[in-house]
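Here is a short report on a predicted model. Please look at the sequence and structure before reading on.

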Amino acid sequence: MSNQNSSENILEIKNIEVVYDDVILAISDVSLNVPDGSIVALLGGNGAGKSTTLKSVSTMLASERGKVTKGSITYNGQRVEKLNPSDMVNLGLVQVLEGRRCFGHLTVEENVISGAYTRKLSKSEINSELERMYNYFPRLKERRKSQAGFTSGGEQQMIAVARAMMAKPKMLLLDEPSMGLAPQLVEEIFVIVKELNDKEGVSILLAEQNTNIALRNSDYGYIIETGQVMLDGSAKSLLNDDKVKEFYLGISSEGRKNFRDVLKETKKIKG
Amino acid sequence: MGSEILFFFEVLVGGLLAGTMYSLVALGFVLIYKASATFNFAQGAMVFFAVLSFVGFMELGLPFFLAFLVTIGLMVVVGLSTERLVLRPLMNQSEDTLLMATIGLGYVLEGLAQAAWGVEVRRLDLGIPDFPIMFIADSIGIFISALDLTAGAVAAFMVISLAVLFTQTKIGLGLRAVADDPGAASSIGIPLKHIMLLVWSAAGVVALVAGCLWGARAGVQFALVDLALKALPVLIIGGFSSIPGAIVGGLIIGSTEKVLEVYIGPFFGGAIEGWAPYVLAVFFLLKRPEGLFGEKIIRRV
């Protein structure tokens, strides 16, 4: 199905299985590739294994007592199994965690600056990097002196992305950037994500429940359910796929439907 | 000036300066609270451990300065082992678990210190007399101990350096980030173990300095562990996460306990300075639980 040449992939996940606490199987078989410079969407509902997949890549699983028990993850030609999150950031891979996770008591600006922790920069270099980020996120510049904990959800998401970008990553893992945000804000954030991908050349692996906006803004998509990849394909083909339309976008030949209706119909067919 | 007023000022100044010694102990708590959001019950034991080792090294024949450096080294080792043996295995556990672990750590340190250096009370002579400075006594008629004054100056110095460390340096930013959200801090590559090592070592050094000043006054003995818990009301008043709070809290506790002791104490049969600070602390817990300078608990709804 996915026919990308391996040398062009910045990230390759091959048949991984992930277990938490030695007993809870979170992912049974996930394989995916992220071609260098592209945006890849990882789609699925709650508990499908999206976050777990991202955390296995950023090696943050260990801190949650999770383990990759089978398969392999190769980032930029290097196996990640023996590395820690700090190493991954140094290698240019940064994860933006689900729920934004800003440093609430730090100012917006301190939050963004903290992202450059692993880089050895002078004061003036930090300031120019900061300005570069403010160009993408002008809203953050207005609020630079506010305590991050008191900013809106959308602003916090921007802080989290800007903070991650301060590490000058080659690859960004975004975990549900749309969570809990108004549709207009979600659009705004995706526009910036796309812009970052275009201008900074950063590859992006994006976990989302919001299938529609995620696919509209990515190149390729994978749909996972209960820890397995069910379907993958170019973003365009997935957007036009009948199954995806029906189950994930709530659209059928008869027009828009909600998930409950779809379920009722499947029951009727079965019964 | 009337002698009544002079006496009041003398009590007040003595209290304020004694308060700086509480502040010093409280600083150690604040450091660890800021980086791991845990009240470190072992801080009192660290004070005891540090100063007892310091005195022990001097008894072994090391000169004052060298003994101080060796003890600082020892406190860094304590910090290192704490990170390795206690904090790392408990990473991502609840804060309560860590709190219990610090109580255990406290007992271990108390035991180790006494096993290594014995249980008898030691005298610590810093070369600073705990007597009123005659110069000040003669000119304005207030009796202030030289030790108190030194403690005040040392506390001021420690506070300023720690405040600069926290607000002006990259390490300080890292420390505050880890305190807010260790997971997020590690997601942007801040190495948690380095931060923890640094904080515990710094808390060890603060404990040593506080221990020296307390030890010079009260003798180097086991009671220092409980004395250090006086920092609890200081922190409740000042705020657990605030360095200026530790200072102001210490000053408030120091001055009120002395003033109350002198003026109200007799009505209660004396010795109220032992519990008066806790009454004050309860009042603060009811009216302003985050303390004077503590970070407001941010909760978005």
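Helix α4 of chain A covers residues 123-136, 14 residues in total. At 1.5 Å a residue, α4(A) should span 20 Å. The C-alpha atoms at its ends are 21 Å apart, so the expected and computed spans agree.

Which residues of α4(A) are buried? They are A:E129, A:L130 and A:M133. These three cover an arc of only 105° around the axis, and therefore sit on the same side of α4(A). The buried residues of α4(A) pack against α3 and α6 of chain A. The face turned away from that buried side carries exposed residues: A:S124, A:N127, A:S128, A:E131 and A:N135.

Next, the contact between the chains. Chain A puts 27 residues into it, and chain B puts in 19 residues. On the side of chain A that touches chain B, the elements giving two or more residues are α2 (85-90), β6 (93-96), α3 (108-114) and α6 (153-165) of chain A. The most comes from α2(A), with four residues. By type, this side of chain A holds 12 nonpolar, 11 polar and four charged residues.

Now the domains. Chain A is assigned domain 1 (6-240) and domain 2 (241-271). Taken over C-alpha atoms, the centres of these two domains of chain A are separated by 30 Å. Seven residues of domain 1 of chain A are in contact with four residues of domain 2 of chain A. On the domain 1 side, α8 (211-216) and α9 (235-240) of chain A each supply at least two residues. α9(A) gives the most to that side, with three residues. The residues there divide into three nonpolar, four polar and no charged.

The two sides of chain A are set out below by residue type.

| Side | Nonpolar | Polar | Charged |
|---|---|---|---|
| Chain A, touching chain B | 12 residues | 11 residues | four residues |
| Domain 1 of chain A, touching domain 2 of chain A | three residues | four residues | no residues |

Last, the nonpolar core. In soluble globular proteins, nonpolar side chains tend to be buried together. The largest nonpolar core here has 165 residues. Within it, B:V47, B:V51 and B:V206 have the most contacts. Helix α9 of chain B (residues 192-218) provides the largest share of this core, 17 residues. Domain 1 (6-240) and domain 2 (241-271) of chain A both give residues to this core, so the core lies between them.

What does B:V206 touch, leaving out residues up to four places away in sequence? Its partners are B:L24, B:L27, B:G28, B:L31 and B:M158.

Technical notes
Residues numbered from 1 in each chain as written. Chains lettered and ligands numbered in written order. Predicted model: local features only at pLDDT ≥ 70, side-chain atom pairs only at ≥ 80, totals over all residues. Contact = placed C-beta atoms within 7 Å. Nonpolar A, V, L, I, M, F, W, Y, C, P; charged D, E, K, R; others polar. Expected span 1.5 Å × (residues − 1). Buried ≥ 20, exposed ≤ 12 C-beta atoms within 10 Å, placed from the backbone. Arc of directions from axis to C-beta. Core = buried A, V, L, I, M, F, W, Y, C linked by C-beta atoms within 7 Å. Domains from an automatic or database assignment.
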